[in-house]
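Here is a walk through one chain, best read with the viewer open beside the text. Turn the structure as you go and pick out each residue when it comes up.

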Amino acid sequence: MSQRIGQVGVYMTVATLLRTGYQVAEPLLDTGHDLVAYEGRKFWRVQVKSHRGKRKHDLVRLQRGKDKSGRYCMETADAIAVCDIESGLVRFAPIQAVTGRSAISINSPLLVPPEVLRDSLEALD
């Protein structure tokens with residue numbers, strides 16, 4: 001995937017989080033996540049995965065690193081955001097829901113709106 005598509009997904013995720021009432025920051029260094037969403041004293045590290053919608057399948061790869069051998073885990077992120085560029089839809093899952101997976105469908109019931117994610121993440125605290 002091009003770096004431009006990935007960056008569009010990050011910006012769409014930022015807009016979604018801001019509309020939901022979160023504040024958002026981007027890390028200055030590569031820390032294993034793309035964004036930090038925070039509300040008051042609570043913050044969550046968010047990894048964004050983008051999907052263009054032009055592919056024949058609806059899967060988004062959840063691998064990381066140049067060789068695509070790594071997986072996301074609780075040490076690097078608290079949540080995954082899956083952004084469908086074509087529809088503008090951004091959905092989230094707690095990292096525990098996708099740990100160990102190599103891909104997720106953009107239509108997966110594991111992916112929820114940010115309001116629902118907030119409740120899920122607060123329950124894990």
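**Starting from a tryptophan**

W44 is a good place to begin: its relative accessible area is 4%, so it counts as buried. Keep in mind that this is a predicted model. The ring of W44 has a partner, Y22, and the two sit edge-to-face, with 5.6 Å from centre to centre and 85 degrees between the planes. Those two values are what you want here, because a pair of aromatic rings is described by the distance of the centres and the angle of the planes. Y22 is buried too, since its relative accessibility is just 2% and the cut-off for buried is under 20%. Searching the whole structure turns up one aromatic pair, so you won't need to hunt for others. What does this pair link? It connects distant parts of the chain, with Y22 in the loop between helix 1 and strand 1 (23-25) and W44 in strand 3, 22 residues apart.

Now zoom out for the overall layout. The chain holds three helices and nine strands, and from the N terminus the order reads α-β-β-β-β-β-β-β-β-α-β-α. Of its 125 residues, 42% count as buried. If you take contacts between residues at least 6 apart in sequence, 51% of them join residues at least 24 apart. The accessible surface is about 7,300 Å², and carbon and sulfur atoms account for 51% of that.

Back to the strands around our starting point. Strand 1 and strand 2 run antiparallel and are joined by three bridges; look for A25, which stands opposite V36 in strand 2. Strand 2 then pairs with strand 3, again antiparallel, through five bridges, and here Y38 faces F43 in strand 3. These two strands make a hairpin with two residues between them, and in its turn G40 has a positive phi of about 65 degrees.

Further along the chain there's another hairpin to compare. Strand 7 (residues 79-84) and strand 8 (residues 89-94) run antiparallel, with six bridges between them. Within that pairing, A81 has F92 as its bridge partner in strand 8. Four residues lie between the strands of this hairpin, and G88 takes a positive phi near 80 degrees.

So what do helix and strands build together? Follow the nonpolar side chains: in soluble globular proteins, these tend to be buried together. The largest nonpolar core here has 19 residues, and those with the most contacts inside it are L17, L35, V46, V48, A81, V90 and F92. Helix 1 (3-19), strand 2 (35-39), strand 3, strand 7 and strand 8 each supply at least two of its residues. Helix 1 gives the largest share, five residues. Notice that the bridge partners A81 and F92 are both on the list of residues with the most contacts in the core.

L35 is worth a click. Leaving out residues up to four places away in sequence, its contacts include V10, T13, V14 and L17, as well as W44, R45, V46 and V48. Apart from this core lies another one, of 11 residues, including L62, A93, V98 and L111.

Over on helix 1, have a look at T16. T16 is buried because its relative accessibility is 8%, and beyond its sequence neighbours it touches V90, F92 and P114. Two of these, V90 and F92, are core residues you've already met.

R45, one of the contacts of L35, leads to a charged pair. Its side chain meets that of D78 in a salt bridge, with 3.0 Å from N to O. The pair links distant parts of the chain: R45 belongs to strand 3 (residues 42-51), while D78 lies in the loop between strand 6 (70-71) and strand 7, 33 residues apart. Both R45 and D78 are buried. The count of salt bridges comes to one.

Is another arginine, R61, buried or exposed? R61 is exposed, because its relative accessible area is 59% and the cut-off for exposed is over 50%. You'll find R61 in strand 4 (residues 59-61). Not counting residues up to four places away, R61 touches K49, S102 and A103. Its C-alpha atom is 9.1 Å from that of S50, 11 residues apart along the chain.

Notes:
Residues numbered from 1 in each chain as written. Predicted model: local features only at pLDDT ≥ 70, side-chain atom pairs only at ≥ 80, totals over all residues. Heavy atoms only, no water. Pairing = 2+ DSSP bridges. Salt bridge = Lys/Arg side-chain N within 4 Å of Asp/Glu carboxyl O. Buried < 20%, exposed > 50% of the residue type's maximum accessible area, 1.4 Å probe, protein only. Core = buried A, V, L, I, M, F, W, Y, C linked by side-chain atoms within 4.5 Å. Contact = heavy atoms within 4.5 Å. Phe/Tyr/Trp six-rings, centres within 6.5 Å; stacked < 30°, edge-to-face > 60°. Areas by Shrake-Rupley, 256 points an atom, 1.4 Å probe, with all protein chains shown as cover.
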